[in-house]
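Reader: I'm new to reading structures, and the labels people use puzzle me. Can we go through some of them and see where they come from?

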Amino acid sequence: MWDSDVGARNYDNRVLSGRHSVQTDKFEQRGQSWYAITDIPSDLLIQIGEISFHLHKCQLLSKSGRMNRIIHESREVVIKKVILNELPGGREAFELVAKFCYGAVVKLTATIITGLRCAAEYLEMTEDLEEGNLILKTEAFINYVVLSSWKDSISVLKSCEEFSPWAENLQIVRRCSESVAWKTSSDPKYVRWQYTGKHNNDSSPSRDEVLSDWWCEDVSVLRIDHFVRVITAIKVKGMKYELVGTAIMHYAMKWLPGMIKEGSSGSVEEGTGSSNGVAAGNRGGLHMIIAMNKGDHSSSPEGKRQRTIIESLISIIPPENDSVSCSFLLRLLRIATMVNVAPALVTELEKRVGMQLEEATMADLLIPSYNRSETMYDVDLVQRILEQFLIQEQMEISNPGREPMIRKSNDMNAKMRVAKLVDAYLSEVSRDKNLSLTKFHVLAEALPESARSCDDGIYRAIDQYLKAHPMLSEHERRRLCRAMDCQKLSKDACMHAAQNERLPLRVAVQVIFSEQIKISNTLAKDTGELHYQSITQNRKTLLEETPQSFRDGWAMAKKDIDTLKFDLETVKTKYVELQHEMESLQSKYDKVAKLKQQSTWSNGWKKLSKITKISTFENMGSGSQSNSEQLVKTPRRRRYSIS
């Protein structure tokens, strides 16, 4: 294909003798050896692994700078053997290099161009040695043929996986990634392409059949690091975040077992989850994963590969809320928990799920516990997701103008959907005998009371928990039932609760009492006699269907209520009496305080008079002792007389 005559040539001030140009297009393999079929015997042996090539020095030295340097730096007088085990592409690439050196026809294709370009770089086949050398020709093929074709760009990018870091250093990965990114955002009529996924490779689809996500299946064949490079370049080009998210979901379903729901036929679209358990993965992958120990799987080569993929995918998910579905995020979180992904990235996933929690299904929330916990499902993980939901909602309320990563629905409907989801989840996990009452109670009361207009769902969860935990004490059963508001139960739920012997007696009485209040309120609003009789009949039916033990309990409870009312009236009476006594004491205290104030003023005047008399006595200077004693004693008698 490329012919060149080789004569004497200077190389670093040395002259390489090319006796004659040896050209041939015939090569023969004999066992583990290759021979160039010419009339001139070979004088150089190239060893690559177990394969040897019997060639001629003049042909290699005329085109390879590395071969010139190896032979020049050799201490042997006549070197006859060169080992090239580090050659990129191995013997396949060197076979093409040898044919090129001998002037044979070499047909360049997208599948071989990467290895041939790296081998040419390794052998230093530059234009300084010969015009039209291999580096120039391979570069021209990449720039003018590969980068202009969609299929060739994908194929070359896929082949670069075997030639790291050579392909990276030669900018082949960068150029192909940018070429793919440009074509995804361009009009398909300007792209030379063939589908590798949704259409047959024999013919390109018509322009009318092209969908906006036509490129997602093709780029999913790449290795994760090259896929990240392509997606990053696509995002720079301004691709819609929904399409970027679609490509990420395609890739995850292709490379991560357990990402495709059972019965979804590999589709990206989400179906309604089954409430019977955890959805199975494709090819039984998820069943295999669940059966494995978390520590064993995370340290295995497959676990490390999955961890790398998940961490890379999390880093490139667009920040917009609807870029990927909530079900996809939950399945990604399931595998991330199993393969021990970095805690910061797991927290990021939990935050993303929390922002879209109202879109989730109960089956997606049933994430097995891989951390050797006693519980079958990871209830703590769901609790953290629910906390993120409430945090994001609070952030929306406090900062309504915030744009990035905001949930679309900021109304009560989102809370109500999440409440139903949590109630269904509790009904499922409450069957686990190892689920503690505290975890159940914390998760049940995480949402505000306004999130539930009806407490039938939480009642079912409580009933399921009581069935699975029959040994609970009376105090624990009462504590469990505090998560339920008896006044929010429907008529059917009240009928069931009134006959449910698993409930504490006091709770059953509260249910009956709340139903009676509802009936009374209905009677007060409805003046029709017929309606009154109907409600009375319903009340009789409710009371007749109540077990005898609950009737006896109701009678005792009513008696206790009457006793409490009497005690309350007694306490009120005593309180009034004490209040009167307190007022009387307060009045007496005020009088005593007033008299004490007046006595204080009298004592002051007495002291002032005494001081005056003593001063007069001292001024006299002399006097009898009896007179002084009389002066001193006189006030004392006067004080006694006053008192």
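Reader: Why is Glu-86 called exposed?

Author: Keep in mind that this is a predicted model. Glu-86 has a relative accessible area of 64%, and exposed means over 50%, so Glu-86 earns the label. Glu-86 sits in the loop between strand E7 (81–83) and helix H3 (90–101). Its C-alpha atom is 8.2 Å from that of Ile-48, 38 residues apart along the chain.

Reader: And what makes Gly-245 buried?

Author: Here the relative accessible area is 0%. The cut-off for buried is under 20%, so Gly-245 counts as buried. You'll find Gly-245 in helix H11, residues 241–255.

Reader: Which residues is Gly-245 in contact with, leaving aside neighbours within four places in sequence?

Author: Those are Pro-318, Ser-323 and Val-324. Contact means heavy atoms within 4.5 Å. As for Val-324, it is 79 residues away along the chain, yet the C-alpha atoms of Gly-245 and Val-324 are separated by 5.1 Å.

Reader: How do you know that strands E3 and E4 pair?

Author: Count the bridges! Pairing takes at least two bridges, and E3 (residues 27–30) and E4 (residues 33–36) have four, in the antiparallel sense. Arg-30 stands opposite Ser-33 in E4. The two strands form a hairpin with two residues between them, and Gly-31 in the turn has a positive phi of about 70°.

Reader: What makes E4 and E6 a pair too?

Author: Again, at least two bridges are needed. E4 and strand E6 (residues 51–55) have three, this time in the parallel sense. Trp-34 stands opposite Phe-53 in E6.

Reader: Why is H20 called roughly antiparallel to H21?

Author: Helix H20 (residues 437–444) and helix H21 (residues 456–468) pack at an angle of about 175°, with their axes 12 Å apart. Angles over 145 degrees count as roughly antiparallel, so that is the name for H20 and H21. On the H20 side, Leu-437, Phe-440 and Ala-444 make the contact, and on the H21 side Ile-458, Ala-461, Ile-462 and Tyr-465 do.

Reader: How do the residues of that contact divide into nonpolar, polar and charged?

Author: Seven are nonpolar, with no polar and no charged ones. Ala, Leu, Ile, Phe and Tyr are among the types that count as nonpolar.

Reader: One more: where does UniProt place the "coiled-coil region"?

Author: An unreviewed UniProt entry puts that feature at residues 568–595. In the model, this stretch is 100% helix and 0% strand, and its end C-alpha atoms are 41 Å apart.

Note on methods. Residues numbered from 1 in each chain as written. Predicted model: local features only at pLDDT ≥ 70, side-chain atom pairs only at ≥ 80, totals over all residues. Heavy atoms only, no water. Buried < 20%, exposed > 50% of the residue type's maximum accessible area, 1.4 Å probe, protein only. UniProt positions renumbered as here; feature names shortened; annotations may be inferred. Axes fitted to C-alpha atoms, helices over the stretch in contact; angles between N-to-C directions. Parallel < 35°, antiparallel > 145°, perpendicular 65-115°, else oblique.
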